[in-house]
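Open the model in your viewer and keep the selection box at hand. The stops below say what to select next and what is there.

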Amino acid sequence: MMKNTKLAYGTPAKVLHWLLALLLIGQSVVGLYFADMPRGDDKTELLRLHASFGLLILAFMLIRLGVRASGERVEPVEGTPAMLKKVAHGAHLALYALTFIVIGAGIFTLLTVGWNVDFFGMTVIPTWFERDMDLHHLFEEIHVYGWYVLTALVGLHLVGVVYHTLILKDGTLKRMV
């Protein structure tokens, strides 16, 4: 099934969901690892790789939005309480928004220090900023603290999965596998 229906997610939505989950976990691990590294060539190379994967995630997120818009909206499982529907909808919107905010702040973190943003060695976004360390630190904080909030929302998402699977036993997870 290629497109979403009211009852189930299509294959593209499922593949993008799990691919993005793996990429975001990988980015988190790499980001935490290089955060404590001393400055030098190894850290710079890892940072550039982190940025490349951030752009890849951005591309997949944009594709995911297209996939989401091209099919029907998958409705919550019948019998889902109205309040739970509202929380789930808000959490999903926040997951999307924060992913874009974290990526955008990461891009501006590099641009404001005078770096081009490369995609695996190919310059994609040339910097137009003069080196501005105050602005750099602002975007770096947005990137880091946005990641904390995003991580908390992913945790809430996982709590929802567990709740639907073990408590409600309503088959919600089966629609995404």
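## Whole chain

Of the 177 residues in the protein chain, 30% are buried. The model is a predicted one. Show the chain as a cartoon: there are four helices and two strands, and from the N terminus on they run α-α-α-β-β-α. The C-alpha atoms fill a box of roughly 55 × 30 × 25 Å along the principal axes. Among contacts between residues at least 6 apart in sequence, 68% join residues at least 24 apart.

## Helix 2

Select residues 41-70, which are helix 2. What distance should you expect between its end C-alpha atoms? At 1.5 Å a residue, the 30 residues should span 44 Å, and the end C-alpha atoms are 44 Å apart, so the two values agree.

Now show side chains. The buried residues of helix 2 include Leu46, Ala51, Leu55, Leu56, Ile57, Phe60, Met61 and Val67. Ser52 and Arg64 are also buried in helix 2, as is Gly54. The buried residues of this helix pack against helix 1 (11-35), helix 3, strand 1, strand 2 and helix 4.

Stay in helix 2 and centre on His50. Is His50 buried or exposed? His50 has a relative accessible area of 13%, which is under the 20% cut-off, so it counts as buried. Leaving out residues up to four places away in sequence, His50 touches Gln27, Val30, Gly31, Phe34 and His143.

Next select Arg48 and Trp115. The charged end of Arg48 sits over the ring of Trp115, 4.4 Å from the centre of that ring.

## The hairpin

Select residues 117-119 for strand 1 and residues 122-125 for strand 2. The two strands run antiparallel and are joined by three bridges. To look at one pairing, pick Asp118: its bridge partner in strand 2 is Thr123. The strands form a hairpin with two residues between them.

One of the residues to pick here is Phe120, in the loop between strand 1 and strand 2. Most residues other than glycine have a negative phi. Phe120 is not a glycine, yet its phi is positive, near 50°.

## Aromatic side chains

Switch the aromatic side chains on; the structure holds eight aromatic pairs. Begin with Phe119 and Phe120: the ring centres are 4.8 Å apart and the planes stand at 75°, so this pair is edge-to-face. Phe119 is partly exposed, at 24% relative accessibility, and Phe120 is partly exposed as well, at 38%. Move next to Trp147 and Tyr148, an aromatic pair that is tilted, with 5.3 Å from centre to centre and 55° between the planes. Trp147 has a relative accessible area of 22% and is partly exposed; Tyr148, with 45%, is partly exposed too.

Which residues make up one aromatic cluster? Select Phe108, Trp128, Phe129 and Phe139 together to see it.

## Helix 4

Select residues 133-168, which are helix 4. At 1.5 Å a residue, its 36 residues should span 52 Å; the end C-alpha atoms are 50 Å apart, which agrees.

Start at the N-terminal end, with Asp132 and Asp134. Asp132 caps this end of the helix, with a side-chain oxygen 3.2 Å from the backbone nitrogen of Asp134.

Along the helix, which residues are buried? They are His136, Phe139, Gly146, Leu150, Leu153 and His164. Phe139 was already selected above as part of the aromatic cluster. To see what the buried residues of helix 4 pack against, add helix 3 (82-111) to the view.

Finish past the other end of the helix. Lys169 lies in the segment after helix 4. Lys169 is not a glycine, but its phi is positive, about 50°. Is this residue buried or exposed? Lys169 has a relative accessible area of 65%, which is over the 50% cut-off, so it counts as exposed.

Definitions and conventions. Residues are numbered from 1 along each chain as its sequence is written. This is a predicted model: local features need pLDDT of at least 70, side-chain atom pairs count only at pLDDT 80 or more; totals for chains, interfaces and linings use all residues. Side-chain values use heavy atoms; hydrogens and water are left out. The expected span of a helix is 1.5 Å times one less than its number of residues. Buried means under 20% relative accessible area, exposed over 50%, partly exposed in between (1.4 Å probe, protein chains only). Contact means heavy atoms within 4.5 Å. A polar contact is a pair of N or O atoms within 3.5 Å; within protein, one must be able to donate a hydrogen and the other to accept it, and residues adjacent in sequence count only if both atoms are side-chain atoms. Two strands pair if DSSP finds at least two bridges between them. Rings of Phe, Tyr and Trp (its six-membered ring) pair if their centres lie within 6.5 Å; planes under 30 degrees apart count as stacked, over 60 as edge-to-face and the rest as tilted. A charge sits over a ring if NZ of Lys or CZ of Arg is within 6 Å of the ring centre and within 35 degrees of the ring normal.
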